[in-house]
Amino acid sequence: MYDARGLKDKTAITGIGWTEISRNSGVSVLSLAAEACKTAIDDAGLKMEEIDGIVTHNMSDSVMPQQVATCLGLPQLGYHLEYWGGGPASDQTIINAVMAVACGMAKNVVCFRALNGRSGRRIGGGDERPQATSDSQFLIPYGWTSFLHSCAPWIHRHMVEYGTTERQLGALCVSQRHNATMNERAMLRKPITIEDYLASRWVAWPFRLLDICIEVDGAVALVVSSAERAKSLKHSPVYIMGMALGGGPLPSYYGMNIAAFLRNSHTELFGKYISPSLYRMAGITPKDVDIIEFYDEMSIAPLMQLEDFGFCKKGEGGPFIEEGRTKLDGELPVNTHGGFLSEGYLHGLNHVAEAVSQLRGDAGPRQVKDAEIALTTGVGGEVGSALLLRR
Amino acid sequence: MAEYKKPLPSPDEDTREYWEGCKRHELLMQRCNDCKTFRFPPLPMCPKCNSMKWGWSKVTGRGKIYSWFVVHQPTHPDFVDDVPYTVVIVELDEQKGIRLPSNMVDCGPEDLKVGMPVEVVFDDVTEEFALPKFKVVA
């Protein structure tokens, strides 16, 4: 366990911005990136010349900080970082920005994720013909051809070891869709019932179409500033009180890397390993968290994270959800915007932006009353990242 | 033999001997020369003792079903004609945690059970490659 308590509340998220989320943006990824960054910077009330850092993550599907700095016309680009990765990299971009601001390498850092993930290169399938190289030489010849397939053992083994049911997974999908009906950005806003879920077709048993994130085009951006600077900006600051990243032994990347199969457990994610550092930095316990925006590329991921981040015992994530505790009006609302399952698969920074909206109190009809502390996560299987934010 | 059109492994420095063993219908597992721990997938260093000396041991090819999934909607164009098809994960008897993704040759998902004993068979898909697959132990 490491100790980052010195960084608690030293920085804040001061601006958030989105583009439209769609199936076909009709514009370049650079256009999406520039628009989201400009919106976030304006939202903060910062002048363009005050932005001196840019951090982004991509899966060889996006644009570089330099290109965005050019569009924004920044007089000078200081700290910048382009991190290769999907899920685990989302909250990690914010963590990098926090470290840059806290140690004086930058004053105001804009973090973004931009992709044409639906009309362009899709990662959950499509027309691509991935080659059986590296670790995937042991997967692809057998028809294990997508990162989605890598989530299947999580569900199956959780069912085998803890008796988790499809209705429990379905309850999460239904409640997240309910939240999305109140989110104008969300791609999928038509309410669904548990019957709709159970009638949804199998993509790969044990998961259905409604268990999977919806791939989209779009971009989201956030601005990280010092707590001092945040005091005199447009919105009340949302402080970064805790942050952590990493995982346990044999940390594979969950895409098509099978080092994971050396592991003894398929039913726990990285959260178990990083949550001690996360809660210690923030000086809180899971009981203090009001809302959660969990990375949810597949319905099973929030269920396991409820356990791994200490909200219930191992194996009890299914009943916890089915009892309604994670609904918008429950004791611990999860994915208040609909998550990837309904808002869209922007790879995680959209979850952080939603948490900021909620903590500011401007989430409209889906606002959780008196939300003070939010947890957000980014999942890459055995590694991941997480933030604790407070108003 | 009809032309095989599905993706074939691309052996590299760490995995070549595994696939050469398969071609001879021998299931070889990489094993640390120093601490004797098996590992899969092949790695250039033993995660247990950090030795970079390894050999290949022929294993029995017997194991138990650990998990499986059934693909109904293909995500790779070469598997379009195969759906629904089943991918299994087999844990080898030699060492807990050594798990191979594969396919069954003689049973569908309705017959699979966690812990069910299986053993390796080799599918000579081309002249260059045999894929280790599994059958139910009677």
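## Helices, cores and the A–B contact

Q: How many residues of helix α9 (residues 300-308) of chain A are buried?
A: A residue is buried when 20 or more other C-beta atoms lie within 10 Å of its own, exposed at 12 or fewer, and partly exposed in between, with C-beta atoms placed from the backbone. Helices are DSSP runs of H or I with at least four residues, strands are E runs of at least two, and numbering starts at the N terminus. On that basis α9(A) is mostly covered, with the buried count at 9 of its 9 residues.

Q: What pLDDT do local features need in this model?
A: Residues are numbered from 1 along each chain as its sequence is written, while chains are lettered from A and ligands numbered from 1 in the order in which they are written. The model is predicted: totals for chains, interfaces and linings use all residues, side-chain atom pairs count only at pLDDT 80 or more, and local features need pLDDT of at least 70.

Q: Which elements of chain A do the buried residues of α9(A) pack against?
A: The residues doing the packing include A:Ile300, A:Leu303 and A:Glu307. Contact means that two C-beta atoms, placed from the backbone, lie within 7 Å. The partners are α4, α5 (166-180), α8 (271-282), α10 (317-322) and β10 of chain A.

Q: How far apart are the end C-alpha atoms of helix α12 (residues 349-360) of chain A?
A: The expected span is 1.5 Å times one less than the number of residues. For the 12 residues of α12(A) that gives 16 Å, and the model agrees with it, as the end C-alpha atoms are separated by 17 Å.

Q: How many of the residues of α12(A) are buried?
A: The buried set includes A:His351, A:Glu354 and A:Gln358 alongside A:Leu349 and A:Val352. The helix is largely enclosed by the rest of the structure, because the buried count is 11 of the 12 residues.

Q: Which residue follows α12(A), and which sits just after α9(A)?
A: Both helices have a glycine with positive phi at this point. The value is near 85° after α12(A) and about 85° after α9(A). For α12(A) the residue is A:Gly361, and for α9(A) it is A:Gly310.

Q: Which residues have the most contacts inside the largest nonpolar core?
A: A nonpolar core is a set of buried Ala, Val, Leu, Ile, Met, Phe, Trp, Tyr and Cys residues joined through C-beta atoms within 7 Å. The largest one has 147 residues, and helix α1 (residues 29-44) of chain A gives the largest share, 9 residues. Top of the contact list are A:Leu222 and A:Leu389.

Q: Which residues of α12(A) does A:Leu222 touch?
A: Leaving out residues up to four places away in sequence, the contacts of A:Leu222 include A:Ile13, A:Ala40 and A:Cys111. From α12(A) the list has A:Leu349, A:Val352, A:Ala353 and A:Val356.

Q: What radius of gyration does chain A have?
A: Chain A is built from 12 helices and 11 strands. The globule rule, 2.2 Å times the number of residues to the power 0.38, is compared with a radius taken over C-alpha atoms. For 391 residues the rule gives 21 Å, and chain A is as compact as a globular protein of that length because its own value is close, at 19 Å.

Q: Which residues does the cis peptide bond with omega of about 10° join?
A: The proline of this pair sits in the loop between β5 (202-205) and β6 (207-208) of chain A. Chain B has a cis bond too, between B:Val83 and B:Pro84, with omega about -10°. The bond at about 10° joins A:Trp205 and A:Pro206.

Q: Is A:Asp370 buried or exposed?
A: A:Asp370 is in the loop between α12 and β10 (373-380) of chain A, and has a positive phi of about 60° without being a glycine. With 8 C-beta neighbours inside 10 Å, A:Asp370 is exposed.

Q: Which element gives the largest share of the side of chain A that touches chain B?
A: The contact involves 40 residues of chain A and 33 of chain B. By class, the chain A side has 22 nonpolar, 12 polar and 6 charged residues, where Ala, Val, Leu, Ile, Met, Phe, Trp, Tyr, Cys and Pro count as nonpolar, Asp, Glu, Lys and Arg as charged, and the others, Gly among them, as polar. The largest share, 7 residues, comes from α4(A).

Q: What is the bridge partner of A:Ala204 in β4(B)?
A: Strands pair if DSSP finds at least two bridges between them. Here β5(A) and β4(B) run antiparallel and are joined by 2 bridges. The partner of A:Ala204 is B:Val71.
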